[in-house]
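Subject: Structure handover

Hello,

Here is the structure you asked about. Please open it alongside this email, and my notes follow below.

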Amino acid sequence: MWLEIKAITKNYKTRQVGQRAVKPRNPVKRNAFSGCWWLQYEELFCCETLCSRRYLKTSHKLYSATYDPNEKTFEKLLIANRGEIACRVIKTCKKMGIKTVAIHSDVDANAVHVKMADEAVCVGPAPTSKSYLNMDAIMEVIKKTRAQAVHPGYGFLSENKEFARRLAAEGVTFIGPDTHAIQAMGDKIESKLLAKNAKVNTIPGFDGVVKDADEAVRIAREIGYPVMIKASAGGGGKGMRIAWDDEETREGFRFSSQEAASSFGDDRLLIEKFIDNPRHIEIQVLADKHGNALWLNERECSIQRRNQKVVEEAPSTFLDPETRRAMGEQAVALAKAVKYSSAGTVEFLVDSSKNFYFLEMNTRLQVEHPVTECITGLDLVQEMIRVAKGYPLRHKQADIPINGWAVECRVYAEDPYKSFGLPSIGKLSQYQEPLHVPSVRVDSGIQQGSDISIYYDPMISKLITYGSNRAEALKRMEEALDNYVIRGVTHNISLLREVIIHPRFVRGDISTKFLPEVYPDGFKGHKLTDLERRELLATAASLYVAEQLRSQRFLGTPRIPIAKSKRSSWELSVHLGDGIYPVAVSKDGSSFSVEVDGMKLNVTSEWNLASPLLSVTIDGTQRTIQRLSRNASGSTSIQFLGTVYKLQILTKVAAELSKYMPEKAAEDTSSILRSPMPGAVVAVSVKPGDMVSEGQEICVIEAMKMQNSMIAAKTGKVKAVHCKAGDTVGEGDLLVELE
């Protein structure tokens, strides 16, 4: 099949594909009449990318998402969500010829999803309870815009049975399952009972609602530690705590119930046996209203922090065909047991012996759905819309392929050096997605100038790479992460890159404990080998010299025409970490010969210092680096192999004189408590004059719907309290002082 690319934006992103054409002689050919380009339509849906060339690369010949203009669905659809998932739904709606309505809070008025939609309406102020969870306001917008259907995305109201019921009462189609399935699967207690009845493997635990902390302790003792305390209506890692003893059970009950109430409006909890060191593997299901149901293979989601996924891939390295089939058949059996109709995900914990246990079912589109789209070629949003309209599934189980390998990294505005990722806020001063890298897909809802605020999830984007095999997909991910430009907020690219190149991850030896096991003392960034250290020093010194040479020129002409011949060698001193290294640089055309540790390295680049990305070749090894900052004192920050390194580059004379410069004394942090992240103060447990013990809770900070307990670093008396419940605090703000 051959299709015409109807419209290409100025940045060459394909906006619409449609209209049959006669097959030309060449695979890619310009139509002399229309001025458009033709391509054989073998492109995977997942690899719709921003291309530097005016054609799309083909991936494989099996499944491709196709859009039939004669298949009528809805004229107008409202997306009850924000950010990247709202943008994702809008893209498919445009391909299906459906007009879209976006809702937004007042702080999201200039958001990307608002600009992409055909219509946009504000539903309230920034807090989610007053905007994206405000059912009355959203229902009013639906009536006003005459939207025929609503896609809820994920989170917010996506698994709210009351919202689905109100839509049905107004004759508006909910793009998802019916209220019965939402109720049955959204309630973890009821879903576990249904799973047992459907002969799905389940985790041992208490099947009722836990009333209070005392009952939680009693149940935990009966089950046997460790146990998992989690919100009955929860998901996304919110309202979940692992308890290893009675004290942790009481604390976990308190925090989980508070988070559950804040995130889902339902503070009910359940307790079940915690399976130590498992894998988290989920099955994507797709079912229609005619009794048909499919499993679309698995996703490996074991790389997590705070019970939230960080890296996902499809398929899993761990499953054999027999286990995959058994998990898929149980997932479909559960879907059929509740007459499920839409896309959904059945999550399992899998132990080292490939025994698998039902965890929960998410009755919505999953965050990590793109990796499934990559290996199957299906557009899951399109399938959800078709099913909601009443169409039967177009495929049989035998038709569902596993073609190639896909990996997804969740790029967050987080500081990975703090508990593997505490939220960061700010404005994206510079933003450039790595779409020039082959087979890369970026699902995002932000752009340069966007604000990352305390009100919403700190996800910047989902970065997906595809390859014919896992090694190829991981290599492309490594390249994509190196080429991703994000300035203005702290991000977790350094952690993501370290995960995907770690030997344990590469060989598939992973579990949900991967991060704490690999980094028991917390994430510290990339540990440079001796060769990598020399490469970084040589690159930094070459950058310094290149900049010195550029500063001597003005519009391509030396500032002082009568100046003596150009300098060709430099003796520098580079400070990196705890070491100070003498570096000698000599210029040879566009290259630099750099001597470090008695070894010479040849450094070559175009030295375009205005570009956020700099491709450097060091003795034949290509590296993509980013220089993030520099100042007149010689200090510079360079992102190298994903990690940001701080260096100071001085001439030999300046280095000698720097010995006499006084150093600023480090702050004594044992007597003060500062906020490690921006957020809202939920509770303050002390007052001036109170005695506190080391490790005692001082206050609780909520950031992005996650509650974090701040504790005392030492035993002492409280001198002053600088915050109260309800205050908004920034990263580094002083909270409490001890004498």
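Start with Lys354: this residue lies over the face of Phe318, at 4.4 Å from the ring centre. Bear in mind that the model is predicted. A second charge sits over a ring elsewhere: the charged end of Arg305 is placed over Tyr412, 4.9 Å from the centre of that ring.

Now the sheet. Eight strands form an open sheet with antiparallel pairing. The order is 18-17-14-15-16-19-26-24. Which strands are at the edges? They are strand 18 (356–362) and strand 24 (440–444), and each pairs on one side only. On average, neighbouring strands in this sheet are turned by 25° against each other, direction ignored.

Look next at one pairing inside the sheet. Strand 19 covers residues 405–412, and strand 26 covers residues 459–467. The two pair in the antiparallel sense over eight bridges. To find your place, use Glu408: the bridge partner of this residue in strand 26 is Ile464.

A helix also belongs in this picture. Helix 1 (residues 83–95) lies across strand 24 and strand 26. Helix 1 runs at about 115° to strand 24.

On to the aromatic rings. The count comes to twelve aromatic pairs. One of them is Tyr132 with Phe156: the ring centres are 5.1 Å apart and the planes are at 20°, under the 30 degrees cut-off, so the pair is stacked. Tyr132 is in the loop between strand 7 (119–124) and helix 3 (135–145). Phe156 is in the loop between strand 8 (149–151) and helix 4 (161–169). The pair therefore ties together parts that are 24 residues apart in sequence.

Are these two rings buried or exposed? Tyr132 is buried, with a relative accessible area of 0%. Phe156 is partly exposed, at 28%.

Another pair is Trp244 with Phe274. This one is edge-to-face, with 6.3 Å centre to centre and 75° between the planes. Trp244 lies in the loop between strand 12 (238–243) and helix 8 (246–264). Phe274 lies in the loop between strand 13 (269–273) and strand 14 (279–287). This pair therefore ties together parts 30 residues apart in sequence. Trp244 is partly exposed, with a relative accessible area of 43%. Phe274 is buried, at 11%.

One last item: ring pairs link Tyr132, Phe156, Tyr455 and Tyr456 into a cluster.

Best wishes

Technical notes:
Residues are numbered from 1 along each chain as its sequence is written. This is a predicted model: local features need pLDDT of at least 70, side-chain atom pairs count only at pLDDT 80 or more; totals for chains, interfaces and linings use all residues. Side-chain values use heavy atoms; hydrogens and water are left out. Two strands pair if DSSP finds at least two bridges between them. Helices (H or I, at least four residues) and strands (E, at least two) are DSSP runs, numbered from the N terminus. Axes are lines fitted to C-alpha atoms, for helices over the stretch in contact, and angles run from 0 to 180 degrees between N-to-C directions. Contact means heavy atoms within 4.5 Å. Rings of Phe, Tyr and Trp (its six-membered ring) pair if their centres lie within 6.5 Å; planes under 30 degrees apart count as stacked, over 60 as edge-to-face and the rest as tilted. Buried means under 20% relative accessible area, exposed over 50%, partly exposed in between (1.4 Å probe, protein chains only). A charge sits over a ring if NZ of Lys or CZ of Arg is within 6 Å of the ring centre and within 35 degrees of the ring normal.
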